[in-house]
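Before you use this model in further calculations, I would ask you to read the following remarks beside the coordinates. They concern a sheet, a few backbone angles and one side-chain environment.

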Amino acid sequence: MSASLLESLRSAAPVPRIVLLPDSCFFVRSIPVAELADAAAVEAQVELALETLSPFPVAQLLHGFHWVPGSPKALVFAAYRRRFSSDEVEAWSGADWVAPTFCTLLARQSQPGTTLLYVQGDAMTALHWGADSLPEKVLSRPLSPEATEAQRQALTDELLREIGGSRHVVNLESLPVIQPIKQQGELVFLEGTQRISLPEPLNTRHDIRPGETLDALGRARRNNLLLWRCACGLV
């Protein structure tokens with residue numbers, strides 16, 4: 001077999017099937033976490049925080065969080081399960097990743113005080129990085145697809161006021177695009193020229209589905225990737 005054909009097979013890595021949910025379905029909060037906490041301890045703190053923040057029991061929520069080791073904060077997000085129909089939830093069953101749209105940008109390299117603005121469907125979202133270069137605020141507000149430029153600017157100004165001030169404001173013309181799998185368990189998005197990497201377990205924390213569902217999907221995904229690599233090797 002020619003080297004060019006083999007290289008073609010190798011480059012045809014599978015593209016993860018992802019489901020990006022409307023940001024407007026989620027409430028988002030930044031919470032402090034204990035110093036030197038590990039992932040399991042942070043997850044427990046997230047659930048305790050949700051019991052306080054949400055009017056619904058944690059069992060009735062679909063939730064996730066963004067946290068990196070050593071960070072003093074975690075960004076928590078949750079939605080009431082009944083916001084999604086049984087058909088919608090069923091459609092997620094074979095997906096590799098289900099998360100709010102803003103999760104594609106949480107690992108973006110951004111300067112302190114940066115606010116990203118983008119439009120998704122019938123809403124505008126503002127994603128803000130704090131003084132320590134960590135995402136700390138996500139706001140989403142309705143925006144009619146027929147909104148005038150003046151109305152869009154008015155909503156932009158409103159979101160920036162709610163954020164509380166930004167040093168850098170970036171308007172995204174398009175959302176990040178998922179890339180083929182190159183490394184097991186990693187999700188990679190391309191936003192303009194910037195590569196945004198979400199390795200495991202970071203992207204797993206973002207997925208809003210129950211833990212047992214994620215465990216089963218993780219095993220299936222690893223098996224599928226192994227089979228694909230074996231097929232390339234045999235060819």
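The numbered points below take these topics in turn.

1. Please keep in mind throughout that the model is a predicted one, and that the angles and accessibilities quoted here are to be read in that light.

2. An open sheet is built from four strands, which follow one another in the order E8-E7-E6-E9 with mixed pairing. Strand E8 (135–142) and strand E9 (168–171) take the edge positions, and because each of them has a single partner strand, one side of each is left without a neighbour in the sheet. Averaged over the sheet and with direction ignored, neighbouring strands are turned by 20 degrees against each other.

3. Within that sheet, strand E6 (residues 114–120) and E9 run parallel and are joined by four bridges. For anyone wishing to locate this pairing in the coordinates, Leu116 is the residue that stands opposite Val170 in E9. As a reminder, strands of a sheet pair through backbone hydrogen bonds, and the arrangement may be either parallel or antiparallel.

4. Which helix lies across E6, E7, E8 and E9? Helix H4 (residues 149–163) does so, and its direction makes an angle of about 145 degrees with that of E8; strand E7, among those it lies across, comprises residues 123–129.

5. Two residues other than glycine deserve a look for their positive phi. Leu36 has a phi of about 65 degrees and sits in the loop between strand E2 (27–32) and helix H2 (39–53); with a relative accessible area of 84%, over the 50% cut-off, Leu36 is therefore classed as exposed. Ser133, whose phi is likewise positive and near 65 degrees, belongs to the loop between E7 and E8, and its relative accessible area of 32% makes it partly exposed.

6. The peptide bond between Glu200 and Pro201 is cis, with omega at about 0 degrees, and a check that your preparation protocol retains it may be left to your judgement. Pro201 itself is placed in the loop between strand E12 (194–198) and helix H5 (202–206).

7. Is His63, which lies in strand E3 (residues 61–66), buried or exposed? Its relative accessibility is 18%, and because the buried class covers values under 20%, His63 counts as buried. When neighbours within four places in sequence are left aside, the contacts of His63 are with Val46, Glu47, Leu50, Val58, Phe77, Ala78, Asp207 and Ile208.

How values were computed
Residues numbered from 1 in each chain as written. Predicted model: local features only at pLDDT ≥ 70, side-chain atom pairs only at ≥ 80, totals over all residues. Heavy atoms only, no water. Buried < 20%, exposed > 50% of the residue type's maximum accessible area, 1.4 Å probe, protein only. Contact = heavy atoms within 4.5 Å. Pairing = 2+ DSSP bridges. Helix = DSSP H or I, 4+ residues; strand = E, 2+ residues; numbered from the N terminus. Axes fitted to C-alpha atoms, helices over the stretch in contact; angles between N-to-C directions.
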